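Biologist: I should like to learn how to read the burial of a helix in a model of this kind. Where should one begin?

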Amino acid sequence: MTQAKIQRPSGMHDVLPEDQKYFQKIFDVVKEIADFYNFQKIDTPILEKTELFSRGIGLATDIVQKEMFSFKTKGGDYLTLRPEGTAPVARAYIEHGMQNLPQPVKLWYFGPFFRYEKPQAGRYRQFWQFGFEVLGEENPVIDAQIIQIFFNILKELKLENLVIKVNSIGDRACRPYYKKLLNSYFKSRLESLCRDCRRRFKENPFRILDCKVEKCQTIASQAPLIIDHLCQACHEHFKEVLEFLDELSFPYHLEPHLVRGLDYYTRTVFEIFEDSEEGKKLGALVGGGRYDGLIKILGGKETPAVGGAGGVERIVSLMKEKAIRFPREKKTEIFLAQLGFLAKRKSLKLIEEFRKEGINIFESLGRDSLKAQLKLADKLGAKYTLILGQKEALDNEIILRDMASGRQEKIKIDKIIETIKKKIKKP
RNA sequence: GUGCUCGUAGCUUAAUUGGUUAAAGCGCCAGGCUGUGGCCCUGGAGAGUACGGGUUCAAGCCCCGUCGAGCACCCCA
């Protein structure tokens with residue numbers, strides 16, 4: 001009897017070998033850009049104290065209320081599988097005294113995150129994100145630069161029709177006032193709102209603004225806008241962010257209703273989308289913003305900061321959708337076929353020598369039939385096959401077969417690496 | 001978490017609508033010269049129909065539950 005199959009947990013997926021090239025490509029581009037802009041890599045633990053997120057992201061947020069994988073350890077600690085990267089980075093910044101480094105501190109990361117959500121295309125319970133954070137800098141030019149970095153990464157990955165949505169959601173000075181305005185506006189219209197929005201009214205009235213229910217939209221469209229009620233400082237700050245974006249001539253839209261699902265954001269918030277059927281289905285490719293209050297909330301000094309994160313799977317699925325290919329995929333050049341026990345033995349050693357020379361070589365040592373080995377070599381697309389038979393092994397020779405022409409020559413075995421080197425250098 | 005659709009070999013699909021031991025293509029393995037690939041030919045392995053139960057003489061097709069996928073809501077990377 002066969003055992004029952006074990007399925008993977010909901011929303012978890014394997015990154016299979018055939019998809020690794022996309023992940024690797026994204027990683028490479030992210031790293032290259034991080035290096036260029038002088039960001040340093042940081043890896044934070046996958047598990048954090050639950051409080052980091054409940055305090056940092058905000059108790060009333062959906063992420064904290066219903067989307068966290070949390071548990072109690074044997075020792076009695078409450079831990080959570082990290083649902084996002086900013087709070088952990090801020091925690092690390094505080095914990096390691098990075099405020100004593102030259103400011104700003106620029107960090108990047110690339111890793112898995114977890115949210116207990118109902119899975120859908122581009123939405124997983126374990127998903128990969130890369131993020132950039134600049135801590136200790138208030139200047140709006142950095143907000144623009146963060147957006148520039150993410151935009152450049154997506155461009156570098158050959159994505160097109162990108163749309164940037166930006167907004168400012170104010171700070172501690174002006175947001176409470178705006179919140180009052182919004183409250184009184186919705187309070188008088190509470191009866192006309194949908195059920196969810198009535199709940200949101202209590203928990204997070206900003207969310208009513210992007211409700212999709214028609215009657216709510218109608219009401220929301222008349223609601224006061226945060227950008228009309230920013231305090232002087234926030235207004236100036238945002239104005240400059242937009243000026244910098246204009247300077248970069250990025251395709252951005254002011255989206256007055258854009259709010260984000262995490263409480264720590266202040267001032268600039270942004271999301272980047274790809275404008276196609278598939279892109280709309282996937283949602284934001286990148287999201288982020290300024291979080292000037294977070295570090296203090298987490299017990300550090302008042303420190304301004306901006307950052308953002310990109311969704312790897314969403315980008316991968318667009319790359320596949322658009323059939324984006326990348327040159328320089330590693331090609332099979334040399335295959336070593338062997339025949340007989342002596343040849344097999346010599347093959348092991350020969351492969352070692354190729355390795356030392358940095359020449360890639362494929363083989364199928366487990367197979368005995370030459371025919372099967374050639375077939376494999378063909379399938380792998382090898383340019384040359386080295387054939388080491390019993391006779392050759394005895395004579396210290398090896399056959400070099402050009403797979404395209406079928407021409408073969410015998411070469412002394414101690415000359416073979418040299419010969420191959422010449423062959424693959426000038427294609 | 002709610003509602004809807006879906007789930008057949010590794011992959012893509014078929015199965016006369018409830019009727020023999022679930023079929024094919026691709027892929028995989030082997031053979032067609034005891035040392036030569038791409039084409040072709042032959043054969044083989046591989047599913048008991050996501051899982052568990054029920055109805056029926058009979059279930060891949062009907063019913064229930066569970067799991068998984070997708071869509072919408074919700075929310076976001």
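Modeller: One begins with a definition: a residue is buried if 20 or more other C-beta atoms lie within 10 Å of its own, and exposed if 12 or fewer do. Please bear in mind that this is a predicted model.

Biologist: Which residues of H1 are buried?

Modeller: Helix H1 comprises residues 17–36, and its buried residues are Tyr22, Ile26, Val29, Val30 and Ala34.

Biologist: Why do the buried residues lie on the same side of H1?

Modeller: The general idea is that an α-helix has 3.6 residues a turn, so residues three or four places apart point the same way. In H1, the buried residues Tyr22, Ile26, Val29, Val30 and Ala34 cover an arc of only 135° around the axis, which puts them on the same side of the helix. Pro17, Glu18, Gln20, Gln24, Glu32, Asp35 and Phe36 are exposed on the other side.

Biologist: What do the buried residues of H1 pack against?

Modeller: They pack against strand E1 (40–41), strand E5 (105–114), E6, helix H5 (140–156) and H12. The contact with H12 can be read from the other partner too: H1 is among the elements covering the buried residues of H12, together with E6, strand E9 (266–274), helix H10 (277–282) and E11. In H12, the buried residues are Val312, Glu313, Arg314, Ile315, Val316 and Leu318.

Biologist: What follows H1, and what follows H12?

Modeller: Asparagine 38 follows H1, with a positive phi near 60°. Alanine 323 follows H12, and its phi is also positive, near 50°.

Biologist: How many residues are in the largest nonpolar core, and which touch the most other members?

Modeller: In soluble globular proteins, nonpolar side chains tend to be buried together. Here the largest nonpolar core has 84 residues, of which Ile146, Ile147, Phe150, Leu154 and Ile272 touch the most other members. H5 gives the largest share of this core, nine residues. Beyond its neighbours within four places in sequence, phenylalanine 150 is in contact with Ile272, Val286, Gly308 and Gly310. Another core, of 18 residues, lies apart and includes Phe335, Ala337, Ala382 and Leu386.

Biologist: Which residues are the closest to RNA strand B?

Modeller: Of the 60 residues that surround RNA strand B, the closest are Ser10, Gly261, Gly283, Gly311 and Gly389. This surface divides into 20 nonpolar, 17 polar and 23 charged residues. Its largest share, seven residues, comes from H14. Helix H12 (312–321) is one of the elements that each supply at least two residues of it.

Note on methods
Residues are numbered from 1 along each chain as its sequence is written. Chains are lettered from A and ligands numbered from 1 in the order in which they are written. This is a predicted model: local features need pLDDT of at least 70, side-chain atom pairs count only at pLDDT 80 or more; totals for chains, interfaces and linings use all residues. A residue is near a molecule or strand if its C-beta atom, placed from the backbone, lies within 6 Å of it. Helices (H or I, at least four residues) and strands (E, at least two) are DSSP runs, numbered from the N terminus. Ala, Val, Leu, Ile, Met, Phe, Trp, Tyr, Cys and Pro count as nonpolar, Asp, Glu, Lys and Arg as charged, and the others, Gly among them, as polar. The expected span of a helix is 1.5 Å times one less than its number of residues. The arc is that of the directions from the helix axis to the C-beta atoms. Two residues are in contact if their C-beta atoms, placed from the backbone, lie within 7 Å. A nonpolar core is a set of buried Ala, Val, Leu, Ile, Met, Phe, Trp, Tyr and Cys residues joined through C-beta atoms within 7 Å.
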